[in-house]
Amino acid sequence: MEQGTWSRIDSYRRIRTRVPEVAELVSVWWLGFRAKMNLEMLSPSTTYVVYLVFKIARDSRGLSGPATAAIRTWESAVKTKGPRCTVFLMNGHHVTEEYYAPQERSDGWMEVRLGEFFVNREDYRVLCLKFKLVEDKDIEKKGLIIQGIEFRPKLYM
């Protein structure tokens, strides 16, 4: 991971929850993370939606601005760029086709949609998720508590 994100041991602290470990952002000036996953681990012929599961601490700062999320896949040397979306971590923003706002879950955590992708039959691609808080790099960011990233089959209604 890049310096100034979750990889810096002095930038976050561990918290006990129903999952073995979560991280709370203590203090950084810019925020971004990446996640990778082999698609062969998921069910084939299925569209998945990706969610960031998190909480915002009472003493949070610098988290109200927009963030971008992008999902890309690659197989061997061929990269496929997926669409980018704009997400907000704080309430007060309306959900549109271009913007995703957080929703409260029944377990007390928040979640925000980061995008979706389709898994083909016998899919050996690797998925890469990138998240970046776009807000001013001169503003301290703190108080984001991340439980994890969830991949769920898309429900069609």
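Biologist: Hi! What is the mean pLDDT of the chain?

Modeller: Hello! This is a predicted model, and the mean pLDDT of its chain is 81. Of the residues, 82% reach 70 or more.

Biologist: Where in the chain is confidence lowest, and where is it highest?

Modeller: The low end is strand 1, residues 12-15, with a mean of 51. The high end is strand 4, residues 46-61, where the mean is 93. Keep an eye on residues 1-11 too, since the pLDDT there is below 50. That stretch still has 30 contacts in the model beyond near neighbours in sequence.

Biologist: Why be careful with places like that?

Modeller: Because where pLDDT is low, the predicted coordinates should not be read in detail.

Biologist: Fair enough! Let's go to strand 4, then. How many bridges join it to strand 9?

Modeller: Nine, and the two strands run antiparallel. Strand 9 covers residues 110-119. If you want a spot to look at in the structure, find Val-50, whose bridge partner in strand 9 is Gly-115.

Biologist: And how many bridges join strand 4 to strand 11?

Modeller: There are 10 bridges between strand 4 and strand 11, which is residues 142-153. This pair is antiparallel. Here you can look for Phe-54, which has Ile-146 as its bridge partner in strand 11.

Biologist: New topic: how many salt bridges does the structure hold?

Modeller: It holds 10 salt bridges. A nice place to begin is Arg-105, which forms one with Asp-107, the closest N and O atoms being 2.8 Å apart. Arg-105 also forms a salt bridge with Glu-150, with 3.2 Å between the closest N and O atoms.

Biologist: Where do Arg-105 and Glu-150 sit in the chain?

Modeller: Arg-105 is in the loop between strand 8 (103-104) and strand 9, while Glu-150 is in strand 11. They are 45 residues apart, so this pair links distant parts of the chain.

Biologist: Is Arg-105 buried or exposed?

Modeller: Arg-105 counts as buried because its relative accessible area is 16%, and the cut-off for buried is under 20%. Its partner Asp-107 is partly exposed at 32%, and Glu-150 is partly exposed at 22%.

Biologist: What does Arg-152 form a salt bridge with?

Modeller: With Glu-150, and the closest N and O atoms are 3.0 Å apart. Arg-152 is partly exposed, with a relative accessible area of 26%.

Biologist: Which residues end up in one network?

Modeller: Arg-105, Asp-107, Glu-111, Glu-150 and Arg-152 are joined by salt bridges that share partners.

How values were computed: Residues are numbered from 1 along each chain as its sequence is written. This is a predicted model: local features need pLDDT of at least 70, side-chain atom pairs count only at pLDDT 80 or more; totals for chains, interfaces and linings use all residues. Side-chain values use heavy atoms; hydrogens and water are left out. pLDDT is the predictor's confidence in each residue, from 0 to 100. Helices (H or I, at least four residues) and strands (E, at least two) are DSSP runs, numbered from the N terminus. Contact means heavy atoms within 4.5 Å. Two strands pair if DSSP finds at least two bridges between them. A salt bridge is a side-chain nitrogen of Lys or Arg within 4 Å of a carboxyl oxygen of Asp or Glu. Buried means under 20% relative accessible area, exposed over 50%, partly exposed in between (1.4 Å probe, protein chains only).
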